[in-house]
Amino acid sequence: MRRKSLSLAAASSRQESGPPLSLYVHTPWCVRKCPYCDFNSHAADPSPLFESYVTRLLADLDADLRTRAARRPLQSIFIGGGTPSLFPGAAIHRLLAGIRARTDLDAAVEITLEANPGAADAERFEAFLDAGINRLSIGVQSLSATHLKRLGRIHDPDAARAAFAMARSAGFSNINLDMMFALPRQTIAEAAADLEALIALEPEHISYYQLTLEPNTLFHAQPPALPDADLTAEMGARGAERLNAAGYASYEVSAYARQGRACRHNLNYWRFGDYLGIGAGAHSKLTDTRERSSGWRIRRTFKHPHPTTYLNCNPGALVSSQRELNRADAVFELALNALRLTAGFEPGLFTATTGLPWPIFAPYVEVAVHDGLLSLSAERIQPTLLGRNFLDDLVARFIASEPDAGDATRLL
């Protein structure tokens with residue numbers, strides 16, 4: 001999918017309908033919980049209720065579509081998890097047929113499904129393609145048997161290669177492969193060899209990211225021996241250089257793509273677009289562009305996270321919580337997402353996705369430019385190399401209290 005740049009004029013005209021809209025579908029089951037995983041996933045024991053879950057997903061979507069801001073064409077659909085490839089092909093076919101019956105899809109809609117090598121087979125991949133999936137994301141994580149074992153993965157390198165081959169044989173021409181670096185006791189040479197083996201498979205997209213120890217995971221409670229900060233930084237830098245040399249352009253801190261193969265769904269997140277989220281623990285962000293004195297209304301909604309609760313609660317009570325973003329939230333969240341993009345973003349994107357005037361955002365940018373973390377032109381705000389290397393520090397600059405009424409009057 002060719003990435004399109006949003007001009008200032010286009011950003012301005014887009015305010016009529018609000019940001020682009022995507023759909024995220026969460027499937028909560030895995031064969032086994034990985035020790036580093038902090039996603040909302042649960043071991044598939046007893047056997048998941050696939051058909052009941054699809055029925056509930058479509059009821060969830062029906063409820064979301066009662067909101068005016070949700071009734072816009074979808075530019076992408078992402079079925080994530082958990083392990084969506086555990087679902088039978090017939091269940092995915094029914095899910096996508098139900099989504100098509102309820103929504104308008106962009107003519108070039110990107111529909112991604114996540115798959116794990118330990119839960120993949122040729123017949124299922126063929127059924128996914130037939131159902132309308134046009135992009136696969138396969139969680140390889142490593143092609144080293146030693147490191148896969150240390151990560152607690154259920155597959156080996158041969159299974160990972162076989163899953164990729166099955167996807168190609170089924171007819172998939174747009175495949176992402178995930179790989180992590182800075183693994184337990186991994187050396188620079190091992191990380192380089194791992195990445196070289198992944199590149200040799202020639203996927204269209206590679207997600208190459210550092211293993212981190214997240215709260216509420218086994219690895220956080222019982223930390224393995226990880227490479228130190230200097231070794232980790234060198235692994236990341238060498239990996240980025242090798243990927244770029246192999247024809248994978250870096251368009252986000254951990255995302256690399258062949259020409260025209262950037263992930264449309266994830267770009268919508270990073271450009272602070274809107275998205276519906278259905279499924280256990282799914283999140284939504286919706287913008288209501290009807291005018292109010294302090295900008296558009298941006299609301300985040302959260303569904304019940306546990307699959308049993310999600311399946312058994314009243315169909316009208318799937319939302320566990322929701323909140324409306326204030327000015328400070330909008331400033332920070334735009335920065336949190338858009339500053340991850342290697343090419344940065346256009347000044348007009350701020351108003352086009354928040355409905356707020358540019359002067360609210362500009363002072364933060366000016367200070368970061370002065371400190372060498374951002375570059376600024378009339379067309380683009382772009383993190384510098386220093387800013388990319390210290391991204392957390394850069395984003396933290398955009399945390400501030402909500403402007404008072406006097407500031408709001410002056411800025412509007």
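This passage describes the overall form and the nonpolar cores of a predicted model. Residues are numbered from 1 along each chain as its sequence is written, and in this predicted model local features need pLDDT of at least 70, side-chain atom pairs count only at pLDDT 80 or more, and totals for chains, interfaces and linings use all residues. Side-chain values use heavy atoms, with hydrogens and water left out.

The chain contains 17 helices and 16 strands, taken as DSSP runs (helices H or I, at least four residues; strands E, at least two) numbered from the N terminus. Its radius of gyration, computed over C-alpha atoms, is 21 Å, close to the 22 Å given for 412 residues by the globule rule, so the chain is as compact as a globular protein of that length; the rule is 2.2 Å times the number of residues to the power 0.38. Along the principal axes, the C-alpha atoms fill a box of roughly 60 × 50 × 40 Å.

Of the 412 residues, 52% are buried, that is, under 20% relative accessible area with a 1.4 Å probe, protein chains only. The largest nonpolar core, a set of buried Ala, Val, Leu, Ile, Met, Phe, Trp, Tyr and Cys residues joined through side-chain atoms within 4.5 Å, has 67 residues, of which Ile99 and Ile133 touch the most other members. Helix 2 (residues 50-64) supplies the largest share of this core, 6 residues. Beyond its neighbours within four places in sequence, Ile133 is in contact with residues including Ile79, Ile92, Phe128 and Phe172, contact meaning heavy atoms within 4.5 Å. A second, separate core of 24 residues includes Phe272, Ala368, Leu391 and Phe398.

Notes:
Buried means under 20% relative accessible area, exposed over 50%, partly exposed in between (1.4 Å probe, protein chains only).
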